[in-house]
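Trainee: I'd like to take a close look at one part of this chain with you. Could you walk me through it and then set it in its surroundings?

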Amino acid sequence: MADNFRVIFVELAQDVDSKTVCVNLATKLKTSEEKVALFLKGKPLFAPNNKDKALKQAKLLTSFGINCRLQAVSSATQNSSVSITNSLRDERIFDALDYITSSLIRLEEKLEDLEQRLPEAQLKTPDESVDEWQSDDLMLEEDLVPPKKRSNILLYSLITTAVILLIVLAVYLVFPNLFSF
């Protein structure tokens with residue numbers, strides 16, 4: 001017995017306009033009208049699901065005036081459709097990589113053309129500026145003066161104040177009746 005079922009289009013109910021059905025169903029499912037129109041031509045709209053979910057999908061379609069049926073989908077069919085999807089995805093990836101590679105080759109050729117068009121004087125100028133940069137002395141002629149030591153009086157006073165406040169808080173928590181204002 002098949003584990004999954006797919007909802008298949010059979011026909012539209014009487015007095016139902018296909019354009020209206022497409023618009024309403026696309027709005028309800030938040031999908032494109034083209035996808036719904038393809039469903040009305042026989043393409044699947046939903047992925048294969050368990051029987052309960054497929055029945056709910058069929059009920060939804062029936063409420064829009066679409067007669068449909070459930071078709072059992074074997075796991076072998078699902079695996080083949082997944083492998084086809086994966087092979088299409090891989091093919092698109094290889095095409096994209098091929099496009100990127102060819103674009104990089106074209107850019108490299110254009111760069112070589114630009115380098116050939118530049119006069120030799122302009123090509124040597126950037127090298128000279130690099131040499132000038134490296135020849136500059138980065139050392140300061142003045143001796144570095146160590147920073148002055150600051151006194152830690154402010155730090156010690158803050159620590160002392162915090163300790164005193166903690167002691168007062170501890171005494172207040174231990175003896176709350178001692179401080180009655």
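Trainee: Is Asn67 buried, partly exposed or exposed, and what is its relative accessible area?

Mentor: Happy to. One thing to keep in mind from the start is that this is a predicted model. Asn67 is partly exposed, with a relative accessible area of 30%. That value falls between the two limits, since buried means under 20% and exposed means over 50%. Asn67 sits in strand β2, which covers residues 66–73. Now look across to Val10: the two residues are 57 apart in sequence, yet their C-alpha atoms are 5.5 Å apart in space.

Let's step back to see where that strand belongs. The chain has 6 helices and 2 strands, and from the N terminus they follow the order β-α-α-α-β-α-α-α. Of the 181 residues in the chain, 14% are buried.

A word on confidence before we go further. The chain has a mean pLDDT of 80, with 80% of its residues at 70 or more. Among the elements, helix α6 (residues 153–174) has the highest mean, 92, while helix α5 (residues 120–135) has the lowest, 56. I would read the details of helix α5 with that value of 56 in mind.

Next, follow the chain out of strand β1. The loop between β1 (4–12) and α1 holds Asp15, whose phi is near 60°, a positive value in a residue other than glycine. Most residues other than glycine have a negative phi, so a positive one is worth a look on your screen. Asp15 is also exposed, with a relative accessible area of 82%. There is a second case in the loop between α1 and α2, where you will find Lys30. Phi of Lys30 is near 55°, again a positive value in a residue that is not glycine, and at 76% relative accessibility Lys30 counts as exposed.

The helices on either side of Lys30 bring us to the charged pairs. Side chains of opposite charge can pair when their charged atoms come close. A search of the whole structure finds 2 salt bridges. One of them joins Lys19 and Glu33, with 3.5 Å between the closest N and O atoms. Lys19 lies in helix α1 (residues 18–29) and Glu33 in helix α2 (residues 33–40), so this pair ties together parts that are 14 residues apart in sequence. As for their surroundings, Lys19 is exposed at 52% relative accessible area, and Glu33 is partly exposed at 32%. In another salt bridge, the side chains of Arg89 and Asp90 meet at 3.9 Å, N to O. Both partners are partly exposed: Asp90 has 33% relative accessibility and Arg89 has 39%.

Finally, have a look at helix α4, which spans residues 75–117 and includes Glu115. Glu115 is partly exposed, with a relative accessible area of 45%. Together with Glu108, Glu109, Glu112 and Asp113, Glu115 forms a negative surface patch. Patch members need over 30% relative accessible area and no salt bridge, and the 45% of Glu115 is in keeping with the first of those conditions.

To return to your starting point, keep Asn67 in strand β2 on your screen, and then find Val10, with 5.5 Å between the two C-alpha atoms.

Terms used
Residues numbered from 1 in each chain as written. Heavy atoms only, no water. Patch = residues over 30% accessible without salt bridge, like charges linked within 9 Å, V, L, I, M, F, W, Y side chains within 5 Å. Areas by Shrake-Rupley, 256 points an atom, 1.4 Å probe, with all protein chains shown as cover. Salt bridge = Lys/Arg side-chain N within 4 Å of Asp/Glu carboxyl O. Lys, Arg positive; Asp, Glu negative; His and termini not counted. Charge placed at Lys NZ, Arg CZ, Asp CG, Glu CD. Helix = DSSP H or I, 4+ residues; strand = E, 2+ residues; numbered from the N terminus. Buried < 20%, exposed > 50% of the residue type's maximum accessible area, 1.4 Å probe, protein only. pLDDT = per-residue confidence, 0-100.
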